[in-house]
Amino acid sequence: MQLSERAKSPSPLLDGIFLARRPTGPVLALVVLLGCLFVGQAVALLVLALVTGAGAGLLEPRLALADQMVLMLAFGGTTALLWLWIRFREGRPFGSVGFLPASRVPQRLALGAAGAAVALSIPVLANVVSGQFTMDGPVPAQAAGVLLALAGFAVQASTEEIVTRGYLLQTTYRKWGLTAAVVVQAVVFTALHGANAGVGVVPGLNLALISLLLVFWALAEGGLWGVCAFHAVWNWFQGNVFGVEVSGMNLRTTLFDAEVATGSTSLLTGGQFGVEGSLITSAVLAVGVALAVIAYRRTVRTAG
C-alpha cells in the first residue's frame, strides 16, 4: 500500500501497521497468529497449572472456578508471544495494534460493557419468559467468584480481539484492503471456534455476525477498547452471571443457573453451544451489525 493510500485510511485502528519498520504480510500474519495462539496458550497453561496446582479438571463437564481461571489466563501467553513479534520483529509499539491513542478509555470500556450486558440479556430473558429456559438464583455466596471470573474473561476476550480485530485486520488491510481484511478476520474468528462443543449452522452464523459487529465497532471507535470490554462482558454474562454455556463451555461458579427446559427447541436456546447459538441472538447481533456499520460510516463521513 502506497503512502497516498495510507492517507485514505478509513479508521485510525488501521494505521498502526504503518508504524512497523518490517511489516508482516497477511499470510505470514495468519501463521504468526496461529502459532501465538496454540504455543503461547499451551505454554502458559502448563506454567499456570504447575504454579497453582489447578487445571486437572479442564476435561470435566463443568469447570470449577480455579480451572476456569487457569484456562482463561492462559490466553495471556498468546498476547505475550504476539507482543514479542510486534515489538522486536515488526519494530513497532504493541499499543499500535489498537490501543493508541488511549483517549476516552473509561467511556469506551463502559459502552462496550453495557452494550454486551444488554445484548446478551435479551436472548437469555426471552428464553426464560417463553419457557425455553428455567432459571434458579441468584446465589449471593457465588458473587465474589463471579466477579473474579470477569478478570479471566478480560484476558481471554482481549486476546481474541487483539489477534483478530487488531493484528490480523491491520496486516491484511495493508496488503489487500479493507474489504478483504473484514472478511478474513471474520472467517478466522469463526473457524477458531469451529471445534467448540455444539457448533452448527446457527452458531456459525452468529460467530460470523459477532465478528462483523465487533470489527465495525472497532473501526468506528478507531481502537479496541470498546470491543475488548464487549467481548469480555458478553462471555462473562453468559457463563458466570446467567449460567449458560459459553460457546459450549459449562461453568460451575454462576450467579444464576439457567437450564434448558424440557421440550425446548435448540433453535431458540442454542442447544449445547449455549445461547450464542440461538436464533434470537442472531436477530440481536444482526441489529448490532447494522448499528455498528452506521456508526462506522458516520465516522468516515465526519473524518472526510
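## The second largest pocket

Nonpolar residues number 16 in the lining of the second largest pocket, beside four polar and four charged ones. This is a predicted model. The second largest pocket has a volume of about 460 Å³. Its lining holds 24 residues. Nearest its centre lie L111, L213, W217, L291 and A292.

Several helices build this lining. Those that give two or more residues are α5 (105–129), α8, α9 and α11 (279–303). The biggest share comes from α11, which gives nine residues.

## The largest pocket

The largest pocket has a volume of about 790 Å³. It is lined by 33 residues. Closest to its centre are Q41, L71, F75, E160 and N196. Six elements each give two or more residues to the lining: α2 (26–52), α3 (65–73), α6, α7 (178–192), α8 (201–221) and α9 (225–242).

Here α6 gives the most, with five residues. By type, the lining of the largest pocket splits into 20 nonpolar, 10 polar and three charged residues.

## Helices at both pockets

Two elements appear at both sites. Helices α8 and α9 each give two or more residues to the lining of the largest pocket, and they do so again for the second largest pocket. The main contributors are α6 at the largest pocket and α11 at the second largest.

## The annotated domain

UniProt, in an unreviewed entry, places a domain at residues 146–237, with the feature name "CAAX prenyl protease 2/Lysostaphin resistance protein A-like". Over this stretch the chain is 87% helix and 0% strand. The C-alpha atoms at the two ends of the stretch are 10 Å apart.

## A look at T164

T164 sits in helix α6, which runs over residues 143–176. Is T164 buried or exposed? Its relative accessible area is 1%, so T164 counts as buried, the cut-off being under 20%.

The side chain of T164 reaches the backbone oxygen of E160 at 2.5 Å. E160 is itself one of the residues closest to the centre of the largest pocket. Which residues does T164 contact, leaving aside neighbours within four places in sequence? They are L169, Q185 and F189.

How values were computed: Residues are numbered from 1 along each chain as its sequence is written. This is a predicted model: local features need pLDDT of at least 70, side-chain atom pairs count only at pLDDT 80 or more; totals for chains, interfaces and linings use all residues. Side-chain values use heavy atoms; hydrogens and water are left out. Helices (H or I, at least four residues) and strands (E, at least two) are DSSP runs, numbered from the N terminus. Buried means under 20% relative accessible area, exposed over 50%, partly exposed in between (1.4 Å probe, protein chains only). A polar contact is a pair of N or O atoms within 3.5 Å; within protein, one must be able to donate a hydrogen and the other to accept it, and residues adjacent in sequence count only if both atoms are side-chain atoms. Contact means heavy atoms within 4.5 Å. UniProt positions are given in the numbering used here, feature names are shortened, and annotations may be inferred rather than shown by experiment. On a 1 Å grid over the protein atoms alone, a cavity is a set of points where a 1.4 Å probe fits but cannot get out, and a pocket is an open set with protein on both sides within 12 Å along at least five of seven lines; lining residues have an atom within 4 Å of a point. Grid points are joined across faces, edges and corners, and a volume is the space filled by probe spheres set on the points. Ala, Val, Leu, Ile, Met, Phe, Trp, Tyr, Cys and Pro count as nonpolar, Asp, Glu, Lys and Arg as charged, and the others, Gly among them, as polar.
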